[in-house]
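The following exercises concern domains, ligand shells and helix packing. Each task is followed by a solution in steps.

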Amino acid sequence: MKITVVGAGAVGATTADNIVRSELAEEVVLLDIKEGFAEGKAQDMSQTAALLGFDSKIIGVTNDYSQTAGSTVAVITSGLPRKPGMTREELIGTNANIVRNVAENLLKHSPDIILVVVSNPMDTMTYLALKATGLPKNRIIGMGGTLDSSRFRYQLSLRLGASPADLNAIVIGGHGDTTMIPLIKHATWNSLPVTQFLTDEEQKQIVADTMVGGATLTKLIGTSAWYAPGASSAAVVASIVRDQKKLFTASVYLEGEYGQEDINLGVPVVLGKNGWERILELPLDEDEKATFAKSADAVRNMNNVLKEIGAL
Ligand SMILES: NC(=O)c1ccc[n+]([C@@H]2O[C@H](COP(=O)([O-])OP(=O)(O)OC[C@H]3O[C@@H](n4cnc5c(N)ncnc54)[C@H](O)[C@@H]3O)[C@@H](O)[C@H]2O)c1
Ligand SMILES: O=C(O)C[C@H](O)C(=O)O
């Protein structure tokens, strides 16, 4: 099996590193547009094999899509990251054309490919990849909710003094500072509702800190994060290539689910060898439904920009 990662920058390289360490495929292809960059990163990672004991091969290529031929999955991380003070949405002008071009090139060489889109603004980039390639909806997956849910579990773990692994908590909606929806009423600590152990004030703070998780790191680091994004992308790939049927929040094309049409938005899905295989409809209360509809409106406005800038 072959897995391709496009973009050998912070997130792409970390994703590839997690994939080879976990031996998710015999061959991993890392592709970047910058001459020699992916080759260098791939060589560096290959030199950890003797220490870490993995057998996966990783090769780096400069914009040569013929080397990606026959990939089962590709993760698209190419494009600009935000700088402190920016929103993810401000990246659309540069990233839309990059993502469109990359998705089309991947498909030319791997007609059965499943695409995992990471580049921001992620929900809109996922929608663009779907519309540009015409791939069946189940084979286009936006990675954002998996990361946001992991950050949500981190925030809960800090307040509760609990292990993040004992916490079950998901974030649905858009992958934006104001569009994500951490579902605290549905979150559990080994099946006990976390709301039993937290004041209203604490719950509000956890939700707010989760929503600005990416912005907080961008301010601290000077560019956006990569360790948790890379681990999240690799976890999504693992569930697909190992047919694990794990439940993740991912940005998928909605056709009536959650009251939404013609939009990619984060909802709980089962990920397996066919891509996203099933959407789980959660029983949302009226407040949550209204917040989800508002999140959809904001993402739809971004999708409309694709036409204005000629990307769709
Ligand atoms: N969805 C998420 O949860 C999530 C999480 C983190 C980052 N991101 C997004 O991922 C993207 C990458 O972030 P990063 O920190 O790795 O940035 P980065 O600048 O470190 O890496 C991006 C890489 O893309 C490459 N690139 C640009 N155009 C290309 C093209 N046409 N073909 C191939 N490669 C190309 C660049 O040369 C660069 O190496 C950003 O848009 C960022 O906002 C999303
Ligand atoms: O915050 C960003 O811009 C990058 C990414 O979407 C993240 O959440 O880390």
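**Exercise 1.** Which helices and strands each supply at least two residues of the shell around ligand 1?

*Solution.* This is a predicted model, in which local features need pLDDT of at least 70, side-chain atom pairs count only at pLDDT 80 or more, and totals for chains, interfaces and linings use all residues. Residues are numbered from 1 along each chain as its sequence is written, while chains are lettered from A and ligands numbered from 1 in the order in which they are written.

Step 1. Helices (H or I, at least four residues) and strands (E, at least two) are DSSP runs, numbered from the N terminus. The elements sought are α1 (10-21), β2 (27-32) and α4 (92-109). Of the shell, α4 gives the largest share, four residues.

Step 2. A residue belongs to the shell if its C-beta atom, placed from the backbone, lies within 6 Å of the molecule. Ligand 1 is surrounded by 37 residues, the closest being G9, V11, S78, N120 and P229.

Step 3. Sort the shell by class: Ala, Val, Leu, Ile, Met, Phe, Trp, Tyr, Cys and Pro count as nonpolar, Asp, Glu, Lys and Arg as charged, and the others, Gly among them, as polar. The shell around ligand 1 has 19 nonpolar, 14 polar and four charged residues.

**Exercise 2.** Describe the domains and place both ligands relative to them.

*Solution.* Step 1. The assignment, which is of the automatic or database kind, gives domain 1 (2-143) and domain 2 (144-309). Their C-alpha centres lie 21 Å apart.

Step 2. Residues are in contact if their C-beta atoms, placed from the backbone, lie within 7 Å. The contact between the domains takes 42 residues from domain 1 and 42 residues from domain 2. On the side of domain 1 that touches domain 2, two or more residues come from each of α1, β4 (73-76), α4, β5 (114-117), α5 (122-133) and β6 (140-142). That side comprises 23 nonpolar, 11 polar and eight charged residues.

Step 3. Ligand 1 lies between the domains because both give residues to its shell. Ligand 2 likewise lies between them, because both domains contribute to the shell around ligand 2. Among the residues surrounding ligand 2 are R82, R88, N120, H175 and P229. By class, this shell has three nonpolar, five polar and two charged residues.

**Exercise 3.** At roughly what angle do the axes of α1 and α9 cross?

*Solution.* Step 1. Axes are lines fitted to C-alpha atoms, for helices over the stretch in contact, and angles run from 0 to 180 degrees between N-to-C directions. The axes of α1 and α9 (residues 227-241) cross at roughly 50° and come within 8 Å.

Step 2. The two helices are therefore oblique; angles under 35 degrees count as roughly parallel, over 145 as roughly antiparallel, 65 to 115 as roughly perpendicular and the rest as oblique.

Step 3. The contact includes V11, T14 and D17 in α1, and P229, A231 and V237 in α9. It has seven nonpolar, five polar and one charged residues.

**Exercise 4.** Which residues of α5 and α10 meet?

*Solution.* Step 1. D123, T124, Y127 and L128 in α5 meet V299, M302, N303 and L306 in α10. By class there are five nonpolar, two polar and one charged residues in this contact.

Step 2. The axes of α5 and α10 (residues 286-308) come within 9 Å and cross at roughly 50°, so the pair is oblique.

Note on methods:
Contact = placed C-beta atoms within 7 Å.
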